[in-house]
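I opened my notebook for a first walk through this structure. Come along as I look things up one by one.

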Amino acid sequence: MNEISRKISSLSPAKRELLKLRLKGKSSEESIAIIGMGCRYPGAKNIKCFWDLLKNGVDAITEVPSDRWDVNEFYDPNPAIPGKMNSRWGGFIDNIDQFDANFFGISPREAMRMDPQQRLLLEVAWEALEDAGCVVEELRSSRTGVFIGVSNSDYGQLQLQDPQRSDVYIGTGTASSIAANRLSYLFDFHGPSLAIDTACSSSLVALHLASQSLRSGESSVALVGGINLILSPSITVNFSKAGFMSPDGHCKAFDSRANGYVRGEGVGVLVLKSFSQAKDDGDRIYAVIRGSAVTQDGHSNGLTAPNPLAQEAALREACQKANISPSQLQYIEAHGTGTALGDPIEANTLGKFLSEKKAFNTYCSIGSVKTNIGHLEAAAGIAGVIKVVLAIQHRKIPPSLHFEKPNPRIFFERMPLKVQEKFGPWPEEDQSLIAGVSSFGFGGTNCHVVLEEI
C-alpha cells in the first residue's frame with residue numbers, strides 16, 4: 001500500500017467520501033497532483049535552499065553584477081534621462097554561463113548559441129523529474145506534455161545585433177518556442193509542447209493549460225515551468241521610463257512606501273499528473289491543484305491598467321472549479337508587485353471577494369515572494385506556486401518582507417485580510433490547508449490557481 005492509500009484508508013468512511021468529492025471539482029474535474037519540483041532562484045540553488053530563504057525572511061536582491069553590465073554606465077536617479085535606468089538593483093542567479101552540454105548530447109558549438117534560458121530549463125527539468133522519481137528513459141515516446149512560460153529573450157537580441165555572428169544554431173538557440181520544444185525533443189516526449197507568453201502571468205497560465213491537458217487525457221504527465229533571465233539593460237531602461245521600477249531596490253508589497261517593483265530572474269519546473277494516476281503509481285504528492293481560471297481585462301483604463309472585475313472573475317471561477325467557497329481560502333500568494341496602482345486594486349478586490357460568507361474573526365493571510373527575489377516576470381507564477389507548496393508541506397507561512405505601514409488606499413480594516421508579517425502557522429491550522437496563487441500579466445491576462453494539501 002503506497003503513502004497516499006495509507007492516508008486515505010486511515011480516514012472514516014464519511015471523510016473518505018468527502019475527500020473523494022473534494023478531489024473532484026465542479027463538473028467532475030479531477031484534481032492535479034504536483035509530484036516533483038526543481039528551481040534556481042536568487043539566493044537559492046535548489047528547493048531546500050529556497051525554503052530556507054523564505055522561512056528566514058531573506059531579501060536576495062543585490063546590485064546588478066558586473067558580468068551583466070556596468071551599472072554605473074546605465075544608472076541615473078532621474079528616469080527621464082535618455083538611455084538611463086533609475087534602479088541599480090535586481091534578483092540574480094549565479095553561474096548562468098555554466099552548462100554540461102555533453103550530458104544532454106549537445107555539441108559545444110550549438111550550446112554557445114543556445115539562450116541560457118534553454119540551458120537552465122534542461123537542467124532544472126531534469127532535477128524536477130528526478131525529484132518526482134521519474135525515469136526519463138521510461139517516459140520516452142509517452143504523451144508527456146511540456147508547458148513553459150517565457151517572455152524575454154535578451155540573449156537572442158544580443159546575438160542578432162551582429163549579422164556576422166549568425167550561424168545555423170542561432171535560430172533554434174534563441175527562439176522562445178524552442179524553450180519548450182527542446183525539452184520534448186531531447187527527452188522524446190510526444191505530448192503538447194508549448195511556450196506561453198502572457199507577460200507576467202505566463203508560467204501560471206502554463207500551469208492552467210497543463211492541468212487542462214491532463215484532465216482531457218491529452219497528456220499523461222506534464223512538465224510546467226517558467227524562466228526569466230536579465231542579460232541586457234534594455235528592458236530595465238524601458239521599464240524605468242514607464243515608472244515601473246523601485247529606485248531603492250525593495251519590493252514593498254501592500255505598504256504605504258510602495259514605489260515600484262524590482263526585476264528578478266530564475267527558473268522553476270513542476271512535474272504533474274492527474275491525482276488518480278499519481279495515486280495508482282504510488283507517487284509522493286506535494287499538493288494538489290484543485291482548480292484554476294484565466295480571464296482578460298479587456299478594455300480598462302489603459303493597456304497596462306488592472307481591471308478589478310476581471311481579477312475577481314478569475315478568483316471566482318477558480319474557486320468554483322475547485323468546488324470551494326471564498327471563505328475556505330486561508331492564504332493567498334498575491335501578484336503583489338509593490339506598485340502604487342496595482343497593489344490597492346488587487347488587495348481591495350481580493351478583500352471584497354473573501355468577505356463573502358467569511359466571518360470577521362478569521363483572516364486570510366496574503367504575501368508576495370517578489371519581496372524576497374524580485375518580480376520574475378514570465379517565471380513569477382511558478383515561483384509563487386512553489387512557495388505555497390513548500391508552505392503547505394511545512395504547514396508554516398513565510399513572511400512577506402518590507403511591510404511596515406499599510407497602503408492607505410487598501411481598506412484592511414474592512415476586510416478579513418492581513419499581510420503575513422512573520423514566519424508562522426496557517427490561520428486555520430486544524431483544517432485542510434487551502435491556498436490561492438494569483439498572477440496578472442501587464443497586458444491584462446489574469447490567472448488564479450487553487451492549491452490544497454493532501
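**An aromatic corner**

I started with Phe 104, which counts as buried at 11% relative accessibility. I should say at once that this is a predicted model. Next I looked at Phe 103, which is partly exposed, with a relative accessible area of 46%.

I then searched the whole structure for aromatic pairs and found 13. Phe 103 and Phe 104 form one of them, an edge-to-face pair with 4.9 Å from centre to centre and 80 degrees between the planes. I also wanted to know which residues form one aromatic cluster with Phe 103 and Phe 104. They are Phe 99, Trp 126, Phe 187 and Phe 189.

**Charges over rings**

I stayed with rings and turned to charged side chains. The charged end of Arg 88 sits over the ring of Tyr 75, 5.0 Å from the ring centre. I noted another case at Phe 411, where Arg 414 lies over the face of the ring, at 4.4 Å from the centre.

**Asn 86 and its surroundings**

Tyr 75 came up again when I looked up Asn 86, since leaving aside neighbours within four places in sequence, Asn 86 is in contact with Tyr 75, Asp 76, Pro 77, Pro 79, Ser 240, Met 245 and Pro 247. I found Asn 86 in the loop between helix H4 (71-74) and strand S3 (89-90).

Is Asn 86 buried or exposed? I have it as buried, because its relative accessibility is 9% and the cut-off for buried is under 20%.

One of the contacts deserved a second look: the side chain of Asn 86 makes a polar contact with the side chain of Ser 240, at 3.0 Å. I also checked a residue far along the chain, Thr 339, which is 253 residues from Asn 86. The C-alpha atoms of Asn 86 and Thr 339 are separated by 15 Å.

**Helix H12**

Ser 240 led me to helix H12 (residues 234-241), where Ile 235, Thr 236, Val 237, Phe 239 and Ser 240 are buried. What do the buried residues of H12 pack against? I found helix H8 (154-160) on the other side of that packing. Just after H12 I came to Gly 243, which takes a positive phi of about 80 degrees.

**Lys 352**

I went on to helix H15 (residues 342-354), where Lys 352 is found. Lys 352 counts as exposed, at 53% relative accessibility. Not counting residues up to four places away in sequence, Lys 352 touches Glu 312 and Met 415. I had already met Arg 414 over the ring of Phe 411. Arg 414 is 62 residues from Lys 352 along the chain, and their C-alpha atoms are separated by 8.9 Å.

**Cysteines**

My last search was for disulfides, and the structure holds zero. Why does Cys 200 have no bond to Cys 251? The closest cysteine sulfur to that of Cys 200 is in Cys 251, and it is 12 Å away, too far for a bond. I looked from the other end as well: Cys 251 is in no disulfide, and its nearest cysteine sulfur is that of Cys 200.

I noted the accessibility of both residues before closing the page. Cys 200 counts as buried at 10% relative accessibility, and Cys 251 is buried too, with a relative accessible area of 3%.

Definitions and conventions:
Residues numbered from 1 in each chain as written. Predicted model: local features only at pLDDT ≥ 70, side-chain atom pairs only at ≥ 80, totals over all residues. Heavy atoms only, no water. Helix = DSSP H or I, 4+ residues; strand = E, 2+ residues; numbered from the N terminus. Buried < 20%, exposed > 50% of the residue type's maximum accessible area, 1.4 Å probe, protein only. Contact = heavy atoms within 4.5 Å. Polar contact = N/O pair within 3.5 Å; in protein donor to acceptor, adjacent residues only side chain to side chain. Phe/Tyr/Trp six-rings, centres within 6.5 Å; stacked < 30°, edge-to-face > 60°. Lys NZ or Arg CZ within 6 Å of the ring centre and 35° of its normal. Disulfide = S-S within 2.5 Å.
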